[in-house]
Amino acid sequence: MQVIETLAQGLKRELKVVIPADEMQARMNERLAEVKDRIRINGFRPGKVPVAHLKKVYGKSIMADLVNELVREKPTEILTDRGEKSATQPEIAMTEDEAEADKILKAEADFEFTVAYEIIPAIEIKDVSGIKVTREVVEIGEDEINEQILRIAESARTYESKKGKAENGDRVTIDYLGKVDGVAFDGGKDEDAELVLGSNRFIPGFEEQLVGAKAGDEKTITVTFPAEYPAANLAGKEATFDVTVKDVAAAAPIEINDDLATKLGLESADKLKEIVRGQIESQYGSVTRQKVKRQLLDQLDELYQFETPERLVDAEFENIWRQINTDLQQAGKTFADEDTTEEEARTEYRKLAERRVRLGLVLSEIGEKAGVQVSDEEMQRSLFEQLRQFPGQEKQIYDYFKNTPGAAASLRAPIFEEKVVDHLLSEISVTDKTVSKEDLMADDEAEEKPATKKAPAKKKAAAKTEAAAGEEAAAPKKKAPAKKKVADESAE
């Protein structure tokens, strides 16, 4: 077998692979020898069919199988010998000339195919001891815990029917039918709907017009949908609601005690406080983690600069761009509404895609060199978390991750990334800084955005983690080649 490099430009490589006809003939003869005892042909005893006859009947189909095996297995073997990793599935091309293909299947011509791919660049791990990040932390006070418990208690609050007029804080039970220009609209009807007046759950102006209503009252309420209302057919329009008040109920007093904890399935008020504190710590901890991670990634981005595989960048950009357009469509906006143009947005999100691919490859390399592993238990927990998000569809989701190529990698990538980040945090300088919750929760303008401030939907640009590109590049490539002209031929 000959391997001839026909292109070496940047990260792009193309190889011509030539397997001589006599080698193909030898491989076919070996395969015929393996199967001759199992083949049954009328007029011949088992195992006594002449090789020439076997070749005439089954030669082309066996050769087609061999061709498929070679183009499936040889590229991986060749890249390993060359010490290269392909960024994506290599593209395999073979002759599409039927006469030439027929000669190959008869072992009358050399079998040639080309392998085109982009290599993952060699990444030299750099010293990160000079990286410094600030970890913002919030001190959680008793007032905040009690405030959160009050909100929980509100959701568990009981109401008792009363006579007389409804006041703010009372719960009304209503039937209603909404109309625009006298015509009922989808989603504008409900029965036995419970609404706490003053909760601002309904359209502005709706709840205020029910203050003073009594059980049995029928009212027509007129409101105007906000201009930014999600349903475009209702946004900014005036609507009327025919409302029947069926019940008015006053709220029972809230008391934070063991009885409240028992209602919530806990043994005591102290346990309730402990759980609430843990929830608040987890919420703040998640934000702190993301801000620290962003600082780390920004500095890694400055530390590592190298050419990125174009196909990986293309794939990442398409993910981002698809999400951008979905966000704009759902919001009913255009690029002009976001003070940019499609061309400018494309340029900026292309830069974001390149950054993600580069950082993904860096994190993958660092993790590999550091021996970071994702355990089966961690994968199992991640899968169970996915299943929990789709109640009633557990089997379909499980089958998807079990049977879809690359699906398991989408579970592994974020786990791997977080473990690599933990490894890096142990090697860099991390300084804690106490901040207010307002400062901690403030929108991080640098997060998930391109270089300019014009590009839209910066926080939803893509669902993929930074390490995903590196994870995908490192994954085994087992897909069958796209072009199989030779292998699709069979014996007459």
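Which residue forms a salt bridge with glutamate 142? I opened the predicted model with this in mind. The partner is arginine 277, and the closest N and O atoms of the pair are 3.4 Å apart. I then looked up where the two residues sit. Glutamate 142 belongs to helix α4 (residues 142–156) and arginine 277 to helix α6 (residues 269–303), so the bridge links distant parts of the chain, 135 residues apart.

Next, I checked accessibility. Glutamate 142 has a relative accessibility of 42% and therefore counts as partly exposed. Arginine 277 is also partly exposed, at 28%.

I turned to a second pair involving helix α6. Lysine 271 forms a salt bridge with glutamate 274, with 3.5 Å between the closest N and O atoms. Both residues lie in helix α6, three residues apart, which is about one turn of the helix. I recorded lysine 271 as partly exposed, its relative accessibility being 26%.

The third pair I looked up was glutamate 417 and lysine 293, whose side chains meet in a salt bridge at 2.2 Å, N to O. Because glutamate 417 lies in helix α11 (residues 407–425) and lysine 293 in helix α6, this pair ties together parts that are 124 residues apart in sequence. Are these two residues buried or exposed? I found both glutamate 417 and lysine 293 to be buried.

I followed this pair further. Glutamate 417 and lysine 293 belong to a network of salt bridges that also includes Arg289, Glu418 and Asp422.

Finally, I noted the total for the model: the count comes to 41 salt bridges.

Key: Residues are numbered from 1 along each chain as its sequence is written. This is a predicted model: local features need pLDDT of at least 70, side-chain atom pairs count only at pLDDT 80 or more; totals for chains, interfaces and linings use all residues. Side-chain values use heavy atoms; hydrogens and water are left out. A salt bridge is a side-chain nitrogen of Lys or Arg within 4 Å of a carboxyl oxygen of Asp or Glu. Helices (H or I, at least four residues) and strands (E, at least two) are DSSP runs, numbered from the N terminus. Buried means under 20% relative accessible area, exposed over 50%, partly exposed in between (1.4 Å probe, protein chains only).
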